[in-house]
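Notebook open, ligand site on the list for today. I pulled up the model and went through the surroundings of the ligand.

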Amino acid sequence: MSSFNPQTVAVPAGHFIGGRLVAGPPALQVRRPSDGQVHADLPLADATLVDEAVQNAWQAWRNTDWARRAPRERARVLRRWADLIEQSVATLAPLESVCSTRPWRDATAWDVPFTAEGLRFFAEYADKLGGEVAATQHDHLGMVVAEPYGVVGAITPWNFPLVMMSWKVGAALAAGNAVVLKPSELTPYSAVRLAELAVQAGVPPGLFNVVQGDGRTTGEALTRHPRIAKMTFTGSTRTGAAIMASCALNGPKPVTLELGGKSPQLVFDDAPGIDRLAGVIAGAITGNAGQVCVAGSRLIVQRRLAEPLVERIAQRFAALRPGATWDPEATLPPIISAPQAARIVDIIERARAAGAQLRCGGGLFDGGPGGAYCQPTLLEGVDDSNPAVQEEIFGPVLTVQTFDDEEEGLALAAHPHYGLAAGVHTADIGRALRAMRALSAGTVWINRYGRSSDFVIPTGGYHQSGIGKDLGRQAVEANLRFKSVLIDLAATH
Ligand code: TXE
């Protein structure tokens, strides 16, 4: 299978405001995580430019008919946008891959089509959430009328740039809002291409603007802006809390936050198909090199099954081959940045100092073309207080804990702060459902792990893993506010 040449990938290194690319002086360098080389520069939107983008979105929202046009027409435009995205896979996939950790092969087969299909899913909701008629007293008619907020601010992370954008922007636009998006400064380019295609599909210019820059300058200016009526964010718990505080201090506004996780894989000794299971568990922590919010990072396995399962997982880890996102033979992508790789190594070292035993892996691969590649790592002998059990690592690092009975397993699966997702593996449906009830997590997968293309199932966390949902009906509803109307039917009688 042929891939792409990173040297020849031209990137739209600018903002996208009012339907056109807006250049600016280079302020940030964007590196390719695969080989550590600087690929291109990026301008940085200061508060003045963020204001321009937000005012532009506000004017577009007020002056075009996006919020008022027939919802099915909005849906048609979003579907056309999805079609253009799919038709652009040959240019979008390299643009997505070159500065991210997304292998070109996966970007082509999954990220780009999944982005398009997500937009189609949201398009289908455009005319389905109008509000409701309330059960009022007989001589009155009560209505709860759904309306868009106006301008929604979105801040997205680097681990699945296109897909994360489609979840935020698709839901907001389908509900009739305008959007100002700040993509991660590490993976900024596909956002601009996405916005160009939106205009081509018929989204009015200005309705979807992209500002480039870092969190401290551009991100903060966006969250503070009084015209931003709602914020939506995916990223770390720490930054999510900062965004919430900033919103609260500068004119309160609702926030949707999809944050960190430390998700358990709870495996009982009757779990079906040990080889398949080993594949599921290994895949859930090595996919995108573990840089996934719902990565299954804690294996909690009933004692009898522990050794054969861990042995099979270790074999799968050993079979992975690190390599650049443009290397079609590679099966383990790079870590996004040198600081992020250093952070992973630091947690592994602290975990070992606290008593963890290394079954395999334990650091970065030596040599290679530059960039940082983390060895898939299994840490055994950890207790609940171990840093590798407590902290989100965001790398291919799996801890192993064993239990004897259901109660003990469930106790180990609980985490003091996070509650993003959990996996339960057992042939006993009663036990699976008891575990589902007991687990304090926003998503529970039973005898599988990871999201599917069932976009109707929302995603989002409990506790410090977040507030609100992406995907599902709930994601569209979160982009609507509700006006209460009460009519006195007797008054005109
Ligand atoms: O994330 P940040 P980072 C977790 C994961 C990872 C850690 C750090 O554990 O190791 O976060 O990664 C913008 N105001 N996740 O530092 O800081 C920033 O520019 C407004 C989990 O990359 O959360 C980027 O666009 N915006 C996660 C986005 O926030 C700010 C995915 C994410 O950056 C800001 C990524 C501020 N003050 C990391 N500071 C997941 N849930 O999937 C930063 N940003």
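I call a residue near the ligand if one of its heavy atoms lies within 4 Å of it. By that rule, 26 residues are around the ligand, and W158, E185, S236, Q340 and E392 come nearest.

Ground rules: this is a predicted model, where local features need pLDDT of at least 70 and side-chain atom pairs pLDDT 80 or more, while totals for chains, interfaces and linings use all residues. Numbering runs from 1 along each chain as its sequence is written, and side-chain values use heavy atoms, without hydrogens and water.

Next I looked up polar contacts (pairs of N or O atoms within 3.5 Å). E185 has a polar side-chain atom 2.7 Å from a ligand oxygen. For K182, a side-chain N or O atom is 2.8 Å from an oxygen of the ligand. T239 puts a polar side-chain atom 2.9 Å from a ligand oxygen.

Then burial: on its own the ligand has 820 Å² of accessible area (Shrake-Rupley, 1.4 Å probe), and the protein covers 86% of that.

I sorted the shell by class, with Gly counted as polar: 9 nonpolar, 10 polar and 7 charged residues.

Last, I checked domains, whose bounds come from an automatic or database assignment. Domain 1 (6-259 + 466-482) and domain 2 (263-463) each give at least three residues to the shell.

Key: A polar contact is a pair of N or O atoms within 3.5 Å; within protein, one must be able to donate a hydrogen and the other to accept it, and residues adjacent in sequence count only if both atoms are side-chain atoms.
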